[in-house]
Amino acid sequence: MTREAIGTGETVELAFANACRELGVETTEAEFEILEMPVKKFFSRKPAKVRAYIEENKPAEEAASYLKSVLKEMGLSNVEIQIEEEEAGAALTLSGEDIGFIIGHRGETLDALQYLASLVANHVEDSYYRITLDVGNYREKRKETLEALGRKMALRAVKTGRNASLEPMNPYERRIIHTAVQTVEGAKSWSEGEDLARHVVIGPEGGERVQPRRNDRRGPRGDRRGGGRGDSRDRRGPRSSRSSYQSASQAPRSEGPKTDDPNTPIYGKIEVKK
């Protein structure tokens with residue numbers, strides 16, 4: 001991107017200085033082109049005219065150039081990067097043959113490349129410049145998956161009265177989950193953990209409910225244990241009802257889905273259609 005200004009003056013030097021003043025830069029920061037030399041006439045003087053210009057690197061273009069150099073080292077030399085300017089940033093869409101692998105496990109490689117590209121873009125631009133990186137519409141597919149996950153876990157939390165912790169996610173994905181949970185009446189969500197372990201917890205609005213015990217302490221004939229003939233018979237040896245009660249009472253209570261299970265489809269990597 002080139003910014004330029006035209007300046008005039010009695011000399012070329014003055015014309016150049018005036019043009020740089022219009023650009024808001026020092027003369028050492030700009031290049032110039034002489035459009036007209038000063039001409040002296042009998043009773044008048046024609047001023048010099050100079051075009052001053054500076055080449056500006058756009059943040060998105062710098063980020064795209066950097067990404068191409070990184071991808072070339074990864075064995076991808078023919079990657080096309082489409083730049084779409086957005087408010088306070090740009091969306092970079094990568095396309096080419098066999099580039100699906102740069103998405104990585106649950107988008108981790110793509111997120112890392114996006115972070116590096118953002119560092120380059122913000123080095124060029126003084127204010128914050130947001131870079132979004134996408135391959136094969138992965139971001140939209142991932143968003144839809146997370147929205148479905150958030151609603152599903154919110155409904156389960158309302159039904160069971162139990163909290164459930166999701167896998168660690170980046171801030172962008174956690175916001176998607178929080179937004180989805182808000183659409184389910186009676187459910188709430190919050191974040192716990194630090195740094196890379198930061199994750200979303202989903203639970204009922206009123207907090208976890210105490211789960212009722214389903215085991216009955218009555219004997220097979222309706223006799224309450226603690227006295228009588230039924231109690232004396234129970235002491236003769238282990239009964240099937242007592243054994244079943246003990247095994248049920250000793251069983252661990254359900255703690256919700258194991259979100260770190262890589263075989264759970266809804267948490268898994270979204271394959272890119274080729």
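**Notes on two sheets and a pocket**

1. Let's start with one pair: L94 sits opposite V135 of β8. Keep in mind that this is a predicted model. The pair belongs to the contact between β7 and β8, which run parallel and are joined by six bridges.

2. On to β6 and β7. Strand β6 (residues 80-86) runs antiparallel to strand β7 (residues 89-95), with seven bridges between the two. One facing pair here is E80 and S95, the latter in β7. The hairpin of β6 and β7 has two residues between its strands, and A88 adopts a positive phi near 65 degrees there. That phi is one to look at if you're going through the backbone torsions.

3. Put together, β6-β7-β8 is the order of an open three-stranded sheet with mixed pairing. Since β6 and β8 are the edge strands and have a single partner strand each, one side of each has no neighbour in the sheet. Direction ignored, the average turn between neighbouring strands of this sheet is 20 degrees.

4. There's another open sheet of three strands, ordered β9-β11-β10, and its pairing is antiparallel. Its edges are β9 (164-168) and β10 (187-192); each has a single partner strand, so one side of each is left without a neighbour in the sheet. Here, too, neighbouring strands are turned by 20 degrees against each other on average, direction ignored.

5. Which strand does β9 pair with over three bridges? That's β11 (residues 199-204), in the antiparallel sense. Within β11, I202 is the residue opposite A164. Helix α4 (residues 138-160) packs on this sheet and touches β9, β10 and β11, its direction making about 35 degrees with that of β11. Helix α5 (residues 171-181) also lies across β9, β10 and β11, and runs at about 160 degrees to β10.

6. Now the largest pocket, with a volume of about 990 Å³. Its lining counts 30 residues, and those nearest the centre are D111, M169, N170, P171 and Y172. The elements giving two or more residues to that lining are α3 (108-124), β8 (130-135), α4, β9 and α5. Helix α3 gives the largest share, eight residues.

7. What is the make-up of that lining in nonpolar, polar and charged residues? The split is 10 nonpolar, six polar and 14 charged. If you're setting up charges for this pocket, those 14 are the ones to go through.

Note on methods
Residues numbered from 1 in each chain as written. Predicted model: local features only at pLDDT ≥ 70, side-chain atom pairs only at ≥ 80, totals over all residues. Heavy atoms only, no water. Pairing = 2+ DSSP bridges. Helix = DSSP H or I, 4+ residues; strand = E, 2+ residues; numbered from the N terminus. Axes fitted to C-alpha atoms, helices over the stretch in contact; angles between N-to-C directions. Contact = heavy atoms within 4.5 Å. 1 Å grid on protein atoms, 1.4 Å probe; cavity = no way out; pocket = protein on both sides within 12 Å on 5 of 7 lines; lining within 4 Å. Points joined across faces, edges and corners; volume = space filled by probe spheres on them. Nonpolar A, V, L, I, M, F, W, Y, C, P; charged D, E, K, R; others polar.
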